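Here's a quick briefing to read with the model open in your viewer. Let's walk through helix packing, strand pairing, charges, rings and cysteines.

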Amino acid sequence: MSILPLLAMVGLVGCADSPPTAAPTTSPTASTESTTTGGSAKGDLGPPQGEPIQAILTDHPQVPPPTNRSQPAKVVVKLEVVEKVMPISEGVDYTFWTFGGDVPGDFIRVRQGDTVEFHLQNHPDNKMPHNIDLHAVTGPGGGAASTFTAPGHASQFTFKALNAGLYVYHCATAPVGMHIANGMYGLILVEPPEGLPPVDREYYVMQGDFYTVGKYREKGLQPFDMQKAIEENASYVLFNGSEGSLVGDKAITAKVGETVRLYVGNGGPNLVSSFHVIGEIFDKVFYEGGSFSQENVQTTLIPAGGSAIVEFRVEAPGTYVLVDHSIFRAFNKGALGMLKVEGGDDLAVYSGKEVDSVYLADKAAPGGAVATATAEQSSGTLSAPAQIAAGQALYAGTCSTCHQANGAGLEGVFPPLAASDYLNADKTRAIAVVVNGLSGPVTVNGKDYSSVMPPMSNLNDDEIANILTYVYSAWGNSGQVVQAAEVAQVRATTTAPPGAAH
């Protein structure tokens with residue numbers, strides 16, 4: 001007997017004895033029994049039926065309603081490119097290039113098998129040509145070659161949505177990275193023919209990394225920095241185009257017992273997102289916007305130019321914090337949002353408290369004292385009370401963990417700021433400690449301390465000035481006022497230690 005048939009028989013026996021491999025959990029965008037979602041070859045469901053439909057487009061964080069159709073249709077999508085100056089953070093402006101007037105661009109929702117007639121308009125006041133590459137398009141360039149559009153002009157092309165899934169779209173005009181970095185991206189959802197299972201809430205969240213000449217929160221109109229972008233050294237990493245876009249009164253909401261579906265995209269242009277909701281576990285994640293799900297996920301990776309659909313049920317009231325779990329991006333570059341859940345407590349599930357202001361500091365309530373001080377500084381009317389109020393908010397998240405909310409410090413570890421002879425004796429030295437850090441023994445109020453204070457490289461001159469003005473105004477200190485110019489002078493005349501970025 002030939003060896004080949006023998007090996008074949010052994011192989012068959014082995015397969016028969018092996019346990020079956022578990023199939024991945026199917027997603028709302030696919031079914032193992034479906035004949036229509038298994039790839040582009042199965043996605044042509046025939047010609048469009050009925051009259052053309054004007055697509056409903058929504059600004060973030062809202063999502064258009066389900067298509068609720070049983071037949072493919074011709075769907076007309078009209079999207080305008082607008083170049084405009086908008087806030088990227090409090091007191092910081094940036095010239096964004098947008099699809100639809102905001103970042104990310106409008107959410108588009110169609111059905112698998114639909115014929116999409118796409119119109120791209122470039123506002124006549126714009127300075128740059130633009131186009132669009134939709135990852136949902138099957139065809140060279142994703143539509144980019146068909147939509148190169150000069151200011152004041154419009155382009156049109158048609159495609160059939162052959163693959164169900166959640167897809168990124170973005171500008172692909174050279175230099176492509178710059179157009180994306182300026183905010184030119186969004187999401188298009190191609191529903192499976194059977195639609196998605198109903199949930200109580202759907203929201204649109206999209207991450208992007210931004211590169212400004214000034215560092216994080218440096219005030220004024222900030223230009224794009226090409227070299228930082230090439231080096232992938234982001235000044236900001238943000239949800240929905242600006243710091244604070246999903247916090248405070250802009251937070252997304254739900255009620256206890258409701259199911260939430262988040263359509264999460266990552267425009268990049270460079271960084272991979274480690275998307276996480278603090279205090280929740282994703283019941284399902286449809287990774288990379290595709291057809292299969294993973295269950296019970298804590299954090300999911302979303303590549304630049306990619307997406308994910310995450311679903312979960314909320315069991316306890318309170319504020320849940322959305323972050324990129326590359327965690328410095330959350331607390332030092334802006335990648336932070338909130339889901340506020342209302343309803344009755346279930347102490348068997350969780351007995352905790354509301355959002356911790358020390359944990360989140362001024363990020364928990366933007367538009368308050370810090371915004372007031374920023375506005376006064378911009379107009380040249382900054383007052384000591386405004387500085388004190390802003391400094392108190394900033395102190396809560398930056399300093400209070402070590403020095404305590406009452407300035408008392410920790411015995412033998414962190415020196416007190418309350419009635420501090422060290423602090424009150426030399427304002428310039430105090431500024432230098434915050435700017436450059438302090439390591440080694442120090443005597444405060446007759447007691448010795450030996451610890452490490454890192455340089456506060458994440459704080460700008462005005463933020464340090466406001467924090468110190470607050471500290472000097474509190475706990476029996478001298479009441480001195482610190483100006484941002486004094487902090488800048490110390491930065492310019494002192495040598496930064498290794499690891500401190502001035």
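A residue counts as buried here when its relative accessible area is under 20%. By that cut-off, helix 7 has Ala 386, Gln 387, Ala 390, Gly 391, Leu 394 and Tyr 395 buried. Keep in mind that this is a predicted model. Overall, a search of the whole structure turns up 16 salt bridges, 15 aromatic pairs and zero disulfides.

**Helix 7 and its surroundings**

- Helix 7 covers residues 384-398, 15 residues in total, and spans 20 Å from first C-alpha to last, close to the 21 Å expected at 1.5 Å a residue.
- What do the buried residues of helix 7 pack against? They sit against helix 6 (369-379), helix 8 (400-403) and helix 11 (461-473).
- Tyr 395, one of those buried residues, has a relative accessible area of just 2%.

**Helix 11 and its charged residues**

- Asp 462 belongs to helix 11, and its relative accessible area of 8% is under 20%, so Asp 462 counts as buried.
- Setting aside neighbours within four places in sequence, Asp 462 touches Lys 219, Gln 377 and Ala 484.
- With one of those contacts, Lys 219, Asp 462 makes a salt bridge, and the closest N and O atoms are 2.9 Å apart. Because Asp 462 is in helix 11 and Lys 219 is in the loop between strand 11 and strand 12, this pair ties together parts that are 243 residues apart in sequence.
- Is Lys 219 buried or partly exposed? Lys 219 is partly exposed, at 23% relative accessible area, whereas its partner Asp 462 is buried.
- Arg 217 and Glu 463 also meet through their side chains in a salt bridge, at 3.3 Å from N to O. Arg 217 lies in the loop between strand 11 (201-210) and strand 12 (220-222) and Glu 463 in helix 11, so the pair connects parts that are 246 residues apart in sequence.
- Both ends of that bridge are covered: Arg 217 is buried at 9% relative accessibility, and Glu 463 is buried at 4%.

**Other salt bridges**

- Asp 44 bridges to Lys 160, with 2.9 Å between the closest N and O atoms. Asp 44 sits in the loop between strand 1 (25-26) and strand 2 (53-54), while Lys 160 is in strand 8 (residues 154-160), so this pair ties together parts that are 116 residues apart in sequence.
- Asp 44 is partly exposed, with a relative accessible area of 47%, and Lys 160 is partly exposed at 22%.

**Strand 22 and its partners**

- Strand 22 (residues 336-342) is mostly covered, with five of its seven residues buried.
- Strand 14 (residues 252-255) runs parallel to strand 22, and four bridges join the two. In this pairing, Ile 252 stands opposite Leu 339 of strand 22.
- Strand 21 (residues 318-324) runs antiparallel to strand 22, joined by six bridges. Here Tyr 320 is the residue opposite Leu 339.

**Aromatic pairs**

- The structure's 15 aromatic pairs include Phe 107 with Tyr 204, an edge-to-face arrangement with 4.9 Å centre to centre and 80 degrees between the planes.
- That pair links distant parts of the chain, 97 residues apart: Phe 107 is in the loop between strand 4 (92-99) and strand 5 (108-111), and Tyr 204 is in strand 11. Phe 107 and Tyr 204 are both buried.
- Tyr 395 and Trp 475 form a tilted pair, 5.5 Å centre to centre with 55 degrees between the planes. Tyr 395 is in helix 7 and Trp 475 in the loop between helix 11 and helix 12 (484-493), so the pair ties together parts that are 80 residues apart in sequence.
- Trp 475 is partly exposed at 23% relative accessibility, whereas Tyr 395 is buried.
- Ring pairs also gather Phe 239, Phe 275, Phe 282 and Phe 312 into a cluster.

**Cysteines**

- Why doesn't Cys 402 form a bond with Cys 399? The sulfur of Cys 402 is 8.7 Å from the one in Cys 399, its closest cysteine sulfur, and that is too far for a bond; a disulfide needs the sulfur atoms within 2.5 Å.
- Cys 402 is partly exposed, at 31% relative accessibility, whereas Cys 171 is buried at 0%.

How values were computed:
Residues are numbered from 1 along each chain as its sequence is written. This is a predicted model: local features need pLDDT of at least 70, side-chain atom pairs count only at pLDDT 80 or more; totals for chains, interfaces and linings use all residues. Side-chain values use heavy atoms; hydrogens and water are left out. The expected span of a helix is 1.5 Å times one less than its number of residues. Buried means under 20% relative accessible area, exposed over 50%, partly exposed in between (1.4 Å probe, protein chains only). Contact means heavy atoms within 4.5 Å. Two strands pair if DSSP finds at least two bridges between them. A salt bridge is a side-chain nitrogen of Lys or Arg within 4 Å of a carboxyl oxygen of Asp or Glu. Rings of Phe, Tyr and Trp (its six-membered ring) pair if their centres lie within 6.5 Å; planes under 30 degrees apart count as stacked, over 60 as edge-to-face and the rest as tilted.
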